[in-house]
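Let's take a walk through this protein together, starting with the ligand and moving outward from there. Keep the picture open as you read.

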Amino acid sequence: MAAQTQAVLRYEPAEIESPFARDVVAGLTARPKRLPPKYFYDDAGARLFEEITALPEYYPTRCELAILRERADEIAGFFPDGSALIEFGSGSSRKVRIVLAAAPTIATYVPVDISSQMLLQEADELRRDYPRLSVLPVEADFTHPFVLPAAVADAARIGFFPGSTIGNFEPREASALLRHAGRMLGANATLIIGVDLEKEASILHAAYNDAARVTAKFNLNLLTRINRELDAKFNPACFEHHAFFNRDRSRIEMHLASLKRQRIKVCGECIEFRAGETIHTENSYKYSIDSFRALARGAGWAPTAVWTDADNYFSVHALTLQG
Ligand code: AVI
């Protein structure tokens, strides 16, 4: 009896049933080992990501903000009177504020995000700064179907998906996500989406291997999160951040490389590492304008406009849903 009770306690079934525990065990027992990048963003990870966006080497945020500022009036032209702006994965509202300031024709803003604390806080601040705007936050994982507020049922709907988050999905998943966004937004929708562009490998390499090692901390924080939430005993000092450009797949790959042979218990599973073996933690796909347009067309969207920064490092596309 005692042994049975012990076994139940050791395996902590409630935790194994959590999606995080299930994904971690599945990823660490797979060959090669991998973890889904969506788990980077606990509170510490979200803070580290904000730090990354301000790094001198991390050009995407700077370039996208410049495009939005320079092209705000043209982008505002896509918003008819009384339209609803729906942001997929809103996070901090820095980018949408540029659009809102340029397009007073937007009547309703619907930020969709999984993190309710930041979502509600940002919504309050936007209501204060834009008293005529109706702000209707939706707490949801935007990669799954969610219900839009009834108030936007009859409004023209424009999706906003900045940050090149689309690049963190495998091209097949990215296509499915674009199709899903089309279904959520409905007939005649427009989507304004930020997409990182292919460029010289040295620039990409620097952006994901910053001198201050913030990206390394961001990557290693995943192990700290697993320790805290799943009671594992990873020593982050025994792993190293690896990020490199995979030219054949046109993507930055991030990995955590084990510095030695080691064995870690996670949710009752014994995970063995060879020295140098890696956990693949993220892909960040880089597109050309044409390759992204082809992806969008395949998912039912017609490319309508595209804007880039002066260096052609980043692009913002306007897509219209095909009938
Ligand atoms: C959120 N995403 C678009 C970032 C990227 O560049 O792929 C995440 C990131 N990973 C390392 N640095 C930033």
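## A walk from the ligand outward

Thirteen is the number to start with: of the 13 residues around the ligand, the ones that come nearest are Tyr58, Asn168, Tyr208, Glu282 and Ser284. Bear in mind as you look that this is a predicted model.

Some of those neighbours make polar approaches to the ligand. Tyr58 has an N or O atom in its side chain 2.5 Å from an oxygen atom of the ligand. Tyr208 has a polar side-chain atom that also sits by a ligand oxygen, at 2.5 Å. With Asn168, it's a nitrogen atom of the ligand that lies 2.8 Å from an N or O atom of the side chain. And how much of the ligand does the protein cover? Taken on its own, the ligand has 340 Å² of accessible area, and the protein covers 97% of that.

Who makes up the shell around the ligand? Sorted by class, you'll find seven nonpolar residues, five polar ones and one charged. Three elements each supply at least two residues of that shell: α4 (43-53), α11 (214-230) and β12 (278-285).

Now shift your eye to helix α9, which runs over residues 171-185. Its 15 residues reach 21 Å from the first C-alpha to the last, close to the 21 Å expected at 1.5 Å a residue. Plenty of this helix is tucked away: the buried residues include Ala174, Leu177, Leu178, His180, Met184 and Leu185. What do the buried residues of α9 pack against? Their partners are the strands β2 (83-88), β6 (157-161), β7 (190-196), β13 (301-308) and β14 (314-321), along with helix α12 (289-298). Just past the end of α9 comes Gly186, with a positive phi of about 90°.

Other backbone details are worth a stop. In the loop between β6 and α9 you'll meet Ser164, whose phi is near 60°, a positive value in a residue other than glycine. Is Ser164 buried or exposed? At a relative accessible area of 7%, Ser164 is buried, because buried means under 20%. Ser250 also has a positive phi, about 50°, although it is not a glycine. You'll find Ser250 in the loop between β8 (239-246) and β9 (251-258), and it counts as buried with a relative accessible area of 12%. For a cis peptide bond, go to the step from Arg31 to Pro32, where omega is near -10°. Pro32 sits in the loop between α3 (19-28) and β1 (33-34).

Next up is a lysine, Lys199, in the loop between β7 and α10 (201-207). Lys199 is buried, with a relative accessible area of 13%. Where does its side chain go? The side chain of Lys199 reaches two backbone oxygens: that of Leu197 at 2.3 Å and that of Tyr313 at 2.9 Å. Leaving aside neighbours within four places in sequence, Lys199 is in contact with Tyr59, Leu204 and Tyr313.

Last stop: Thr105, in the loop between α7 (94-102) and β3 (106-113). At 25% relative accessibility, Thr105 counts as partly exposed. Not counting residues up to four places away in sequence, Thr105 touches Phe79, Pro80, Asp81, Gly82 and Ser83. To get a feel for distances here, try Thr105 and His205: they are 100 residues apart along the chain, and their C-alpha atoms are separated by 41 Å.

Notes. Residues numbered from 1 in each chain as written. Predicted model: local features only at pLDDT ≥ 70, side-chain atom pairs only at ≥ 80, totals over all residues. Heavy atoms only, no water. Near = heavy atom within 4 Å. Polar contact = N/O pair within 3.5 Å; in protein donor to acceptor, adjacent residues only side chain to side chain. Areas by Shrake-Rupley, 256 points an atom, 1.4 Å probe, with all protein chains shown as cover. Helix = DSSP H or I, 4+ residues; strand = E, 2+ residues; numbered from the N terminus. Nonpolar A, V, L, I, M, F, W, Y, C, P; charged D, E, K, R; others polar. Expected span 1.5 Å × (residues − 1). Buried < 20%, exposed > 50% of the residue type's maximum accessible area, 1.4 Å probe, protein only. Contact = heavy atoms within 4.5 Å.
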